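Welcome! Open the structure in your viewer, and we will walk through it one selection at a time.

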Amino acid sequence: MIKKTERTVAQGIRGLHAGWSSSGKMIRPACIVLLFLLLQGCTRPTVHEPVTLTLLEEWTTQTFSEGRQQELQQFTRDTGIRVKLLPSPESARDKLILWQELLRTGASGPDVYGIDVIWPRILSEYFIDLKPYFAKEVSLQFPAIAAAYTVDNKVVAIAYRADIGLLFYRTDLLRQYGYREPPRTWDQLEIMAARIQAGERAKGKKQFWGFVWQGAAAEALTCNALEWQAAEGGGQIIEDDRTVSVNNPNAIRAWQRAARWVGSISPPSVVGYTEWDAQNVWVAGDAAFMRSWPTAYVDSQSAGSSIRNKFDITLPPGGKASRVGTLGGAGLAVSRFSAHPREALELVRYLSRGDVQAKRSHALSVPPTLPELYELPEVLEPNPRFALLSQAFRTGMVPRPSNVTGKKYQDVTDAYIQAVHSVLTGEKSAPAAAASLENELVGVTGFKKGPPRDQHIPE
Ligand code: GLC
């Protein structure tokens, strides 16, 4: 299932590129962006004309792009600096490939890049150190978020949106089926989801499912699976002290449990679901629970949504250990090849500014990166449950092992995704998948094997 409007940019890129590629190799949307940059170069303003920056955004939803365009127009009105927003592919993996291709081309690339919280170490060498310009702003952010964009004392990007995995639940259905509060544990979620699903189907809603999430072999699966295993004390895949900890009984049990969901409380096709697929089922009113990111709030609460005012959010359930959501989000980085670094810094300053973040949070349910904003009525009134995020960004989140694995992170996450996905599809048993993943990760990173060291502070 596809949310059409959200995929047009990525599909456009694919469609165009498909015309050029006869090899059937991986899509290389860099060609399109490069072409765009080339054409733009032909019409570069003379010295007297205003500067035009190019911004490559890591986030591509239509709603967000529209919101972003408005922010950029305001920026141009305030500063006289124009900004061209470039399209980007949809998946995190395809984006990273494009970002790397563009950055390797040097001077002809974009000035400012939106980068996922998992990329600062991978891309650090291509960006200028923002520390001298943003020391105060960085000190005001949630410490864990600021730390994620700092590599060896270099501030690679300034966070402009925070993100965390959440559980969305139907308040009306929970009430109808006699549940006074959302599940605190995965055991409880399974019971509730099964009961509500059976009840709704008995009423004739044959397509109703208990729980939807992101099971496609993509980055969001790493985020989901990390939440399952961290909840059970199954560690963070690779610990901060460079221990490959993934092959442990708690992680294995957490994966086995998720595999049982497929076809029981979750649709068989969940193993191909991205964020949009899950959200389409959820917004149609066909699921009791959904794991997603805070921004799913916007479409869930839109005028056309069948679940408007019938849902709420909470942290993902826990288990033997804590309740945690995976830390996500993005920051803005300035290319060291930019011909307009001064203007690029102004753009980063503007887009990460407190008042601009507050407005964005109001309009698009984008969680701010500055704790002080969570005290403001303009942030909390439209999203009262954002109050819980303020605490979650301190103690309720689990980071992906992108800092400790550095440039190897993409290989690490790819291997993890394949292993978990093979368990979900029944291709491999969880113990076998965990054992071979452990060896693969030791090979990729050169780190030692060992047990997890649970560093989460319980709620
Ligand atoms: C969200 C998160 C990002 C994550 C991605 C996975 O956009 O903010 O950190 O990598 O989802 O799909």
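Which residues are around the ligand? Before you look, note that this is a predicted model. Now select Asp 116, Val 117, Ile 118, Arg 161, Asp 163, Glu 219, Ala 220, Glu 275, Trp 293, Gly 328, Gly 329 and Arg 400: these residues surround the ligand. Color them by class and you will find 6 charged, 4 nonpolar and 2 polar residues in this shell.

Next, show the secondary structure. At least two residues of the shell come from each of β6 (158-164), α10 (219-231) and β12 (325-334). Then color by domain: domain 1 (2-156 + 329-395) and domain 2 (166-324 + 400-455) each give at least three residues to the shell.

Now turn to the oxygen atoms of the ligand. Select Arg 400, where a polar side-chain atom is 2.8 Å from a ligand oxygen. Move on to Arg 161, with a side-chain N or O atom 3.2 Å from an oxygen of the ligand. At Trp 293, the distance from a polar side-chain atom to a ligand oxygen is 3.3 Å.

Finally, switch on the surface. On its own the ligand has 310 Å² of accessible area, and the protein covers 88% of that. The space the ligand takes up is the largest pocket.

Definitions and conventions: Residues numbered from 1 in each chain as written. Predicted model: local features only at pLDDT ≥ 70, side-chain atom pairs only at ≥ 80, totals over all residues. Heavy atoms only, no water. Near = heavy atom within 4 Å. Polar contact = N/O pair within 3.5 Å; in protein donor to acceptor, adjacent residues only side chain to side chain. Areas by Shrake-Rupley, 256 points an atom, 1.4 Å probe, with all protein chains shown as cover. 1 Å grid on protein atoms, 1.4 Å probe; cavity = no way out; pocket = protein on both sides within 12 Å on 5 of 7 lines; lining within 4 Å. Sits in = over half its atoms within 2 Å of the grid points. Helix = DSSP H or I, 4+ residues; strand = E, 2+ residues; numbered from the N terminus. Nonpolar A, V, L, I, M, F, W, Y, C, P; charged D, E, K, R; others polar. Domains from an automatic or database assignment.
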